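Me: I'm new to reading protein–DNA models. Could you walk me through one, a surface at a time?

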There are 2 protein chains.
Amino acid sequence: MDHEPARPATLHDVAREAGVAVSTASRALSNPGRVSAGTRAHVLDVARRIGYRPNRLAQALPSGRTRMLALLVPDITNPHHFALIRGAEIQAAAAGYTLVLGDGQESPALEVGHADRLGSFVDGFVLISPRMDDSALRELRARHPVVLFNRTMAGVPSVVVDAVDAARQIVEHLHALGHRRLAYLGGPRTSWIDARRWQALEDQAARRGIAALRLGPFEPVLEAGAAAADAGLASGVGALVAFNDLLAIGVLQRLERRGVAVPGRISVVGADDIFGAAFCHPPLTTVASPAERAGRLLVDMLTGVADAAELVLPCPLVARESTGPAPG
Amino acid sequence: MDHEPARPATLHDVAREAGVAVSTASRALSNPGRVSAGTRAHVLDVARRIGYRPNRLAQALPSGRTRMLALLVPDITNPHHFALIRGAEIQAAAAGYTLVLGDGQESPALEVGHADRLGSFVDGFVLISPRMDDSALRELRARHPVVLFNRTMAGVPSVVVDAVDAARQIVEHLHALGHRRLAYLGGPRTSWIDARRWQALEDQAARRGIAALRLGPFEPVLEAGAAAADAGLASGVGALVAFNDLLAIGVLQRLERRGVAVPGRISVVGADDIFGAAFCHPPLTTVASPAERAGRLLVDMLTGVADAAELVLPCPLVARESTGPAPG
DNA sequence: GTGAAAGCGCTAACAA
DNA sequence: TTGTTAGCGCTTTCAC
């Protein structure tokens, strides 16, 4: 690292300069009430004058608390997490915490590494659709307070979207449009919610007499949409239900390039209602994720503002133009 | 915070259990070579057995270094930062650093607060288009190593996009299409690059005999696009150059809702080439930002892998369908 | 090669 | 109200 700044002023410097003991200086700065007003004002003045900033590392060492929270996302480039992050930030700030973000880049190993390295510096973790396996998660949870989004584990507070109801809405919507066959474009194997989505979709489809097949897994990124679209098209179904919007938008792009009419020839459904879903071409029918609310609730549960629980949040279907009557 | 985990094992526990001094245990764990192979193996074994994890807070206290880097973005919901973050992550990992992200939410105060609270925990800052004013930036830079993106300050390493060349390309493109009047839809006053973009655009426009006026400032978000579109339309020009793609896409949405043909009646240009610019309607003509490369370079400069410098990166114009011949 | 001990900067008993 | 002192968990001289 370049340019080393001059040695920063410490509490000792403040105390010496102010002619008081370090403990008095400490109290004046962070435990007002147990020090006379005059002394306090003087210490504060000296501190400001010499540009004192507490070393938060040292400050946190005795208690182990930093008033920082870590929020780990599986992929920072997925707009789905925007609202969740914002919600979490709002509640964290309200509770006097600073939120730092970590990006797992869809890698379980990176995710675990992040958690390991951040563990000492934060008071808890908000894990968004964590990709790490159960044993890694259990280990992390044994060392630190943890709350989960779109994943559950016994004894760990969590918020998950209602995959069953989402599947029901999708299936009813497609059924009403005359579809009798659909394909699920699966997400990563490491995704807990992917398994739930497929299971729910299969159940609900069976219940309405709709044939459902599963394709993939595909990476939940725009670029994977091409292969997913081709596979979906080859399967001969009239409706594709993608793991998430990122994949769905990628599918839409591919279909447009291949000259396949959407929804004329094939319908496409996504999940999350991310940035872009409303203005892609055609606008995407998708299941909205209550992400902002989830973010707020998660932080509330982590900081103890809300009771720990296993919450299931509803997600309304947003019907746009990527779904239409079944062909033929 | 809920469920307090059991007291974690310390180095003392390891040392006691292994029958060695803490200093020996410390060396075995983190300074191999200065300890016998047998002792080392034994200590490692004990550490693993009792589940020892070093307390990074305590580890960092003596040296003050944490091998963590902070990257602060003005708005985590702006897809522009995706590539930048990814580039930074790659280089940070390569140099053995962990990257944490902070979101300024377009607020100078929040940004400064983040920097203050994170300062003790990181070895340096990558500041993306920081919104804080010069004095706050100077103060931060006096305490910590800092590198800047799309902002400059004497003596601080930085990477900026070539706003002049970008403006030249935009103006030439519009000029070639027959446009003789354009309006700039300005970004936030706190944005350094906004001032540069307008100045460059005005210069280049004047050079080609194009009348340019400035509207705004507008928040660089989708939602601000409506007001920006209306203002642009009312100004009577045939081409709108938006501060960034977020605003430009918002403008496109509004124009579509108002039934204004793009580019038939009016052309729209953005900046950054974000996620969504390629698939919005119509696909957006924009100036691409070399974000990933910038992210890598910034971290390299911060970690000393690359020489500190003030780099200016070119940004190619990506002409899509939102620009066309001037009407009339 | 290993151990004892002195901090890193701060907080929090405990005394005075 | 203020000062003295003992840690927080680790690294790092300095002896042995």
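Me: How many residues surround DNA strand D, and which are the closest?

Reply: Keep in mind that this is a predicted model. A residue counts as near a strand if its C-beta atom lies within 6 Å of it. Here 28 residues surround DNA strand D, and A:S23, A:T24, B:L11, B:S23 and B:A58 are the closest.

Me: Which element gives the most to the surface near DNA strand D?

Reply: That's helix 2 of chain B, with six residues. Chain A joins in too: its helix 2 (22–30) and helix 4 (56–63) each supply at least two residues, as do helix 1 (11–18), helix 2 (22–30) and helix 4 of chain B. Sorted by class, this surface has 13 nonpolar, 13 polar and two charged residues.

Me: What about DNA strand C: which residues come nearest?

Reply: Of the 26 residues around DNA strand C, look for A:L11, A:S23, B:A21, B:S23 and B:T24. Helix 1 (11–18), helix 2 and helix 4 of chain A, plus helix 2 and helix 4 of chain B, give two or more residues each. Helix 4 of chain A gives the most, with five. The classes here are twelve nonpolar, 13 polar and one charged.

Me: And how many residues does each chain bring to the contact between chain A and chain B?

Reply: Chain B brings 45 residues and chain A brings 45 residues. On chain B's side, the elements giving two or more residues include helix 5 (80–94), strand 2 (98–103) and helix 12 (291–303). That side of chain B has 22 nonpolar, 15 polar and eight charged residues.

Terms used: Residues numbered from 1 in each chain as written. Chains lettered and ligands numbered in written order. Predicted model: local features only at pLDDT ≥ 70, side-chain atom pairs only at ≥ 80, totals over all residues. Contact = placed C-beta atoms within 7 Å. Helix = DSSP H or I, 4+ residues; strand = E, 2+ residues; numbered from the N terminus. Nonpolar A, V, L, I, M, F, W, Y, C, P; charged D, E, K, R; others polar.
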